[in-house]
Amino acid sequence: MLKNKKVNRKVIMAQYAMALKKSEDSNGIVFKTNAPSLNEAKEYFRKLKQMSKESFDKLFIVTEAKKIKI
């Protein structure tokens with residue numbers, strides 16, 4: 001019989017911020033999330049906004065804010 005063993009691993013994730021691209025009405029960051037990669041963060045935000053990749057990329061920019069250890 002196999003037993004489940006907990007593995008002590010630290011997962012390093014980064015915090016990513018989504019903001020409107022440069023605009024007179026832009027007031028900065030819209031949302032933040034933790035994700036393992038920039039691509040996963042972009043996909044998360046894109047689905048949150050329910051937009052196509054092309055439309056999302058025209059309006060928003062996603063950048064890394066800081067890394068955290070979980």
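Helices are taken here as DSSP runs of at least four residues and are numbered from the N terminus, and it is with these numbered elements that the account of this predicted model proceeds. The secondary structure of the protein comes to two helices and three strands, and, read from the N terminus on, these elements follow one another in the order β-β-α-α-β.

The helix α1, which covers residues 38-49, is a convenient place to begin. Its twelve residues should span 16 Å at 1.5 Å a residue, and because the C-alpha atoms at its ends are 17 Å apart, the expected and the computed lengths agree. Within α1, E43 and R46 stand three residues apart, about one turn of the helix, and their side chains meet in a salt bridge with an N to O distance of 2.7 Å. E43 also forms a salt bridge with K47, for which the closest N and O atoms are 3.9 Å apart; since these two residues are four residues apart in helix α1, about one helical turn separates them. With a limit of 4 Å between the side-chain nitrogen and the carboxyl oxygen, the pair of E43 and K47 at 3.9 Å is still counted. Taken together, E43, R46 and K47 are linked in a network of salt bridges. As for their setting, E43 is partly exposed, with a relative accessible area of 32%, whereas K47 counts as exposed at 55% relative accessibility.

A further salt bridge is found in helix α2, where the side chains of D57 and K53 meet at 3.0 Å, N to O. These two residues both lie in α2 and are four residues apart, which is again about one turn of the helix. D57 is partly exposed, with a relative accessible area of 28%, while K53 is exposed, with a relative accessible area of 52%. The count of salt bridges in the model comes to three.

Between the two helices, α1 (38-49) and α2 (53-59), runs the loop that contains Q50. Just after α1, this residue takes a positive phi of about 55 degrees, and it does so although it is not a glycine. Q50 is exposed, with a relative accessible area of 72%.

At the other end of α1 the chain can be followed from L38, which lies in that helix. L38 is partly exposed, with a relative accessible area of 33%, and, leaving aside residues up to four places away in sequence, it touches Y16 and V62. The C-alpha atoms of L38 and A14 are separated by 8.4 Å, although the two residues are 24 residues apart along the chain.

From these contacts the reader may turn to the interior of the model. In soluble globular proteins, nonpolar side chains tend to be buried together. The largest nonpolar core here has ten residues, namely A14, Y16, M18, A35, A41, F45, M51, F56, F60 and V62. The elements β1 (12-20), α1 and β3 (60-69) each supply at least two residues of this core, and its largest share, three residues, comes from β1. One of the core residues, M18, has contacts that reach several parts of the chain: with residues up to four places away in sequence not counted, M18 touches I29, V30, F31, F45, K49, F56, F60, I61 and V62.

Strand β1 also contains Q15, which is buried, with a relative accessible area of 18%. Because under 20% relative accessible area is the limit for a buried residue, Q15 at 18% falls within that class. Not counting residues up to four places away in sequence, Q15 touches K32, T33, N34, T63, E64, A65 and K66.

Some totals place these local features in the context of the whole chain. Of the 70 residues of the protein, 21% count as buried, and the accessible surface comes to about 6100 Å², of which 50% belongs to carbon and sulfur atoms. Among the contacts between residues at least 6 apart in sequence, 51% join residues at least 24 apart.

Conventions
Residues numbered from 1 in each chain as written. Predicted model: local features only at pLDDT ≥ 70, side-chain atom pairs only at ≥ 80, totals over all residues. Heavy atoms only, no water. Buried < 20%, exposed > 50% of the residue type's maximum accessible area, 1.4 Å probe, protein only. Contact = heavy atoms within 4.5 Å. Expected span 1.5 Å × (residues − 1). Core = buried A, V, L, I, M, F, W, Y, C linked by side-chain atoms within 4.5 Å. Areas by Shrake-Rupley, 256 points an atom, 1.4 Å probe, with all protein chains shown as cover.
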